[in-house]
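Subject: Structure handover

Hello,

Here is the structure I promised to pass on. Please open it alongside this message. My notes follow below.

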Amino acid sequence: MVFEPPKRLVRALGETAPDGDDWLEKLPGTAQRAVALRELTVERVQVPGGRSSLVVLVRAADGTPAVLKLAPGRARPEAERAALAHWAGRGAVQLLETTSTEGVLLLERLHPDVSVRSLPEAKALLEAAGTLRRLWVEPPAGFSFETVAERTGRQAEAMRARAQTAPEVAPLVDVALAAREELLAAPPEHRLLHGTFRQSKVLAGERMPWLAVGPDPVVGECAFDLARLVRDRVEDLIAQPSGAATTRRRVKRLAESLDVDQERLRGWTLFRAVESGVRAGRVGRPRDAELLLEFASWL
């Protein structure tokens, strides 16, 4: 089988490595070797797939359905492996092999086309939040995960640089950076976090109704993890005349349901929305940038 990467993956990797690298060029051979080593039968490449990895639906030699995931080093697949091993299937997809092949993960098969986004909005938020709560545990001692301070520090540098060349975003960037500094002054928790949690990252499963996939794990406070969920379906929020009020109610409801400080959740939601909006503008997605920055202005 020819392992052709989906267009969405090629486009996204182009955004994160504008100067290119050889991972995509080597991907067909890497996938072939990974399949042969595990004696897997390939069903299909998942399309449109993710923005940071190739996902292949396969069956093991005994017929067990599984997923083979291949990711470049900059997507931090070894951190994902360590987090999934630590969660051991509690709230997240389960690893099917303990041996480590760099950049290759063999995972249990969920229902790849059924996420909580298929549910009505209120139900989707409830199920997603319940799944996220199970992931917030003490980090393992044997792996050094990136911290919220480290990750947002890199992001803050990029935001400052963008504000120099796009002065129209500078006021929101200043507010977001000030919020980050205040939040980092006294973090209340030190938990293993999913890192990139949203409704589309929660898929239907057999062991449990809903399980999280695709973590980019980070260690820090729970409000940081929950912040990305606040802006889910941002295009729908923007289209509502009452979008700003709906957003503020969502912050309050999610904070109360997961026992997270409401102001800290609002602050991290603001920072993460501005960061995403600035990045979208930088890589040539002006519509996404407009939506995210308008959303951030409500906070």
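Which residues are linked with Arg76 in a network of salt bridges? They are Glu146, Arg151, Arg154 and Asp216. Keep in mind that this is a predicted model.

**Salt bridges**

The search of the whole structure gave 24 salt bridges. Three of them follow.

Start with the pair from the network. Arginine 76 and aspartate 216 join through their side chains, at 2.7 Å from N to O. Arginine 76 sits in the loop between β3 (65–70) and α3 (77–87), and aspartate 216 sits in the loop between β8 (210–212) and β9 (218–220), so this salt bridge ties together parts 140 residues apart in sequence. Arginine 76 is partly exposed, at 29% relative accessible area. Aspartate 216 has 17% relative accessibility. That counts as buried, because the cut-off is under 20%.

Next, a pair within α3. The side chains of arginine 81 and glutamate 78 form a salt bridge of 2.9 Å, N to O. About one helical turn separates the two, because they are three residues apart in helix α3. Which of them is buried, and which partly exposed? Arginine 81 is buried, with a relative accessible area of 8%. Glutamate 78 is partly exposed, with 25%.

The third pair is aspartate 288 with arginine 285. Their side chains meet at 2.8 Å, N to O. Both ends count as partly exposed: aspartate 288 has 32% relative accessibility, and arginine 285 has 21%.

A general reminder: side chains of opposite charge can pair when their charged atoms come close.

**Helix α3**

Why is α3 described as largely enclosed by the rest of the structure? Because eight of its 11 residues are buried. Arg81 is one of them, and the others include Pro77, Ala79, Glu80 and Trp87. Ala82, Ala83 and Leu84 are buried in α3 too.

Several elements cover these buried residues. Among them are β3, β4 (104–108), α4 (121–135) and β6 (191–193).

Look also at the end of the helix. Alanine 88 comes just after α3 and has a positive phi of about 50°.

**The sheet**

Four strands make an open sheet. Their order is β1-β2-β3-β4, with antiparallel pairing. At the edges are β1 (41–45) and β4, each pairing on one side only. On average, neighbouring strands of this sheet are turned by 30° against each other, direction ignored.

How does α3 relate to this sheet, and which strands does it touch? The helix packs on the sheet and touches β3 and β4. Its direction makes about 35° with that of β4.

Now the edge at β1. This strand runs antiparallel to β2 (residues 54–59), and four bridges join the two. Valine 45 has valine 56 of β2 as its bridge partner.

Between β1 and β2 there is a loop, and valine 47 is placed in it. Is valine 47 buried or exposed? Exposed: valine 47 has 55% relative accessibility. Proline 112 is 65 residues away from valine 47 in sequence. In space, the two are 9.7 Å apart, C-alpha to C-alpha.

**Where to look**

Two views should cover these notes. For the salt bridges, centre on arginine 76 and aspartate 216, both part of the network. For the packing, centre on α3 where it touches β3 and β4.

Best wishes

Notes
Residues are numbered from 1 along each chain as its sequence is written. This is a predicted model: local features need pLDDT of at least 70, side-chain atom pairs count only at pLDDT 80 or more; totals for chains, interfaces and linings use all residues. Side-chain values use heavy atoms; hydrogens and water are left out. A salt bridge is a side-chain nitrogen of Lys or Arg within 4 Å of a carboxyl oxygen of Asp or Glu. Buried means under 20% relative accessible area, exposed over 50%, partly exposed in between (1.4 Å probe, protein chains only). Contact means heavy atoms within 4.5 Å. Two strands pair if DSSP finds at least two bridges between them. Axes are lines fitted to C-alpha atoms, for helices over the stretch in contact, and angles run from 0 to 180 degrees between N-to-C directions.
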